[in-house]
Amino acid sequence: MKLVIQVKLLPTPEQASALESTLRACNRAATYASQIGFAQDIKDRNGLQKEVYADLKATFGLSAQPVVRTVKKVVDAYASLKANLRAGRFGPPTSKRYRKAVSTPIVFRPEAAQPFDDRCLSWQYDARTVSIWTVDGRTKGIRFACSPDRLKTLVTCRKGESDLVRRGGKWFLVATCEIPDPHVYEPVDWIGVDRGIVNLATTSDGTNHQGRRLTRYRRWQARKRAELQRKQTRSATRRLARRRQKEQRHATHVNHRISKEIVSVAQRTGRGIAVEELGGIRERVRLRRDQRGTLSAWPFHRLGQHLAYKAKKAGVPFLEVDARHTSQRCPRCGHTERANRPDRDLFRCRRCGLAGPADVVAGVNVRDRARSAWVLVTAPASSP
């Protein structure tokens, strides 16, 4: 499996100046190559490289290999745009956003990430330094900082490109590591995880990871965004972008913490993890206007991604099961009715009288469905 590791660079002022000049030059070159490729309808790597190779070297001061990486970045950007258009992320073809996306070339931000391969970037793990190509020549001895576990993963598993990133005035290298897939053990049972808005995750064991603090934090951020949006100034726009990034980092941290705890419990007890398959929930559910923002800001998909990759890394079995009626079905008698859940927090079966917290009951139903699904997944193929 592929794992992305981020390390922090600690350059001197002179090294930071060289890195900044390099990042800006590479992105100016990428914007130029994007305009040429868009005007001449060249989207393949070899064709675009043949068209702009000499200009990028002469005009922007790039060496041969950075030119190749820059062209590859442009081609990948158009491939991602095409995939997003096909998936409908820009709306229907008649929308203004869709028409703008297909009628204008891609423009790269001055400090957008730039990929470097092993010809442009070398790692000195013992000294914890890197040597990187810049427009001012090869810059050696740039220190980096990371944990011992991440350093060990870098030494043994790093492969391919590493991206140079500047974020908030700080420099980072994002390296791709290919670690061997661990053996997935046979689970003795399952932990059902019910994801929600009020309670971000509730397990069939009764563990509840509440989302009240995250909800309050999001509401506070929404009020601050509204204040800045009313100003309509360039400074307010920059502050809005920083607030959005800070909010995303906070939600990611919460999801990491929750998923790490659930995976560690499953690994320690020899059980697997089962979650509801919630794809397309925004299209299936009709909401009031005041609920739409809450659902759109609900980070359930990211939490599911964190659970999936952490479980895979730890060798823990992971399943997605059918989400229909998990909060309305009685796990004891099987009776399913909307009236079984009279309010958000309480479950009470109308047939057998089983009562308890609604989210815990939903987690138990997810666990029971995983038990049945795992039998089908691991069953031997029938002979013809």
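**Group meeting talk: two sheets, two cores**

Okay, so the chain we have on screen contains 11 helices and 14 strands. Keep in mind that this is a predicted model. Along its principal axes, the C-alpha trace spans about 80 × 50 × 50 Å. There are 384 residues in the chain, and 41% of them are buried. Now look at contacts with a separation of 6 or more: residues 24 or more positions apart account for 63% of those.

Let's begin with the sheet that has seven strands. If you walk across this open sheet, you meet the strands in the order 2-6-7-1-5-4-3, and the pairing is antiparallel. So which strands stand at the edges? They are strand 2, residues 114-116, and strand 3, residues 121-124. Each has a single partner strand, so one side of each is left without a neighbour in the sheet. Neighbouring strands here are turned by 35 degrees against each other on average, if you ignore direction.

For one pairing inside that sheet, take strand 1, residues 2-10, and strand 5, residues 137-145. They pair in the antiparallel sense over three bridges. If you want a spot to click on, Leu 10 stands opposite Arg 143 in strand 5.

Next, find helix 3, residues 64-87. Helix 3 lies across strand 2, strand 4 (129-134) and strand 6 (158-167), and it runs at about 130 degrees to strand 2. Here's a little sanity check you can do yourselves. Helix 3 has 24 residues, and at 1.5 Å a residue it should span 34 Å; the end C-alpha atoms are 35 Å apart, which agrees. Just after helix 3 comes Gly 88, with a positive phi of about 85 degrees.

On to the cores. The general idea is that in soluble globular proteins, nonpolar side chains tend to be buried together. In this model, the largest nonpolar core has 52 residues, and the members that touch the most others are Leu 9, Trp 123, Leu 154 and Leu 164. What does Leu 154 contact, leaving aside its neighbours within four places in sequence? The answer is Ile 5, Val 7, Trp 123, Tyr 125, Cys 146, Ala 175 and Cys 177. There's also a second, separate core of 17 residues, which includes Tyr 185, Leu 200, Ala 266 and Leu 303.

Now for the other sheet I want to show you. This open sheet has five strands in the order 10-9-8-11-12, and the pairing is mixed. Strand 10 (208-210) and strand 12 (318-321) stand at the edges with a single partner strand each, so one side of each has no neighbour in the sheet. Neighbouring strands in this sheet are turned by 20 degrees against each other on average, again ignoring direction.

Zoom in on strand 8, residues 190-195. Are its residues buried or exposed? Six of its six residues are buried. Both faces are covered: Trp 190, Gly 192 and Asp 194 are buried on one side, and Ile 191, Val 193 and Arg 195 on the other.

And what about the strands beside strand 8? With strand 11, residues 272-276, strand 8 runs parallel, and four bridges join the two. Trp 190 stands opposite Gly 272 there. With strand 9, residues 199-203, strand 8 pairs in the antiparallel sense over three bridges. Those two strands form a hairpin with three residues between them. Within that pairing, Val 193 stands opposite Thr 203, and the bridge partner of Arg 195 is Ala 201.

One residue I'd like you to look at is Arg 271, in the loop between helix 7 (234-269) and strand 11. Why does Arg 271 count as buried? Its relative accessible area is 14%, and buried means under 20%. The side chains of Arg 271 and Asp 205 are joined by a polar contact of 2.9 Å. Not counting residues up to four places away in sequence, Arg 271 touches quite a list, including Tyr 185, Trp 190, Ile 191, Ala 266 and Pro 317. You've already heard two of those names, Tyr 185 and Ala 266, in the second core.

Last stop: Ala 373, which lies in helix 11, residues 358-378. Ala 373 is partly exposed, with a relative accessible area of 24%. Its C-alpha atom is separated by 9.7 Å from that of Asp 322, although the two residues are 51 residues apart along the chain.

That's my tour, so over to you!

Technical notes: Residues are numbered from 1 along each chain as its sequence is written. This is a predicted model: local features need pLDDT of at least 70, side-chain atom pairs count only at pLDDT 80 or more; totals for chains, interfaces and linings use all residues. Side-chain values use heavy atoms; hydrogens and water are left out. A nonpolar core is a set of buried Ala, Val, Leu, Ile, Met, Phe, Trp, Tyr and Cys residues joined through side-chain atoms within 4.5 Å. Buried means under 20% relative accessible area, exposed over 50%, partly exposed in between (1.4 Å probe, protein chains only). Contact means heavy atoms within 4.5 Å. Two strands pair if DSSP finds at least two bridges between them. Axes are lines fitted to C-alpha atoms, for helices over the stretch in contact, and angles run from 0 to 180 degrees between N-to-C directions. A polar contact is a pair of N or O atoms within 3.5 Å; within protein, one must be able to donate a hydrogen and the other to accept it, and residues adjacent in sequence count only if both atoms are side-chain atoms. The expected span of a helix is 1.5 Å times one less than its number of residues.
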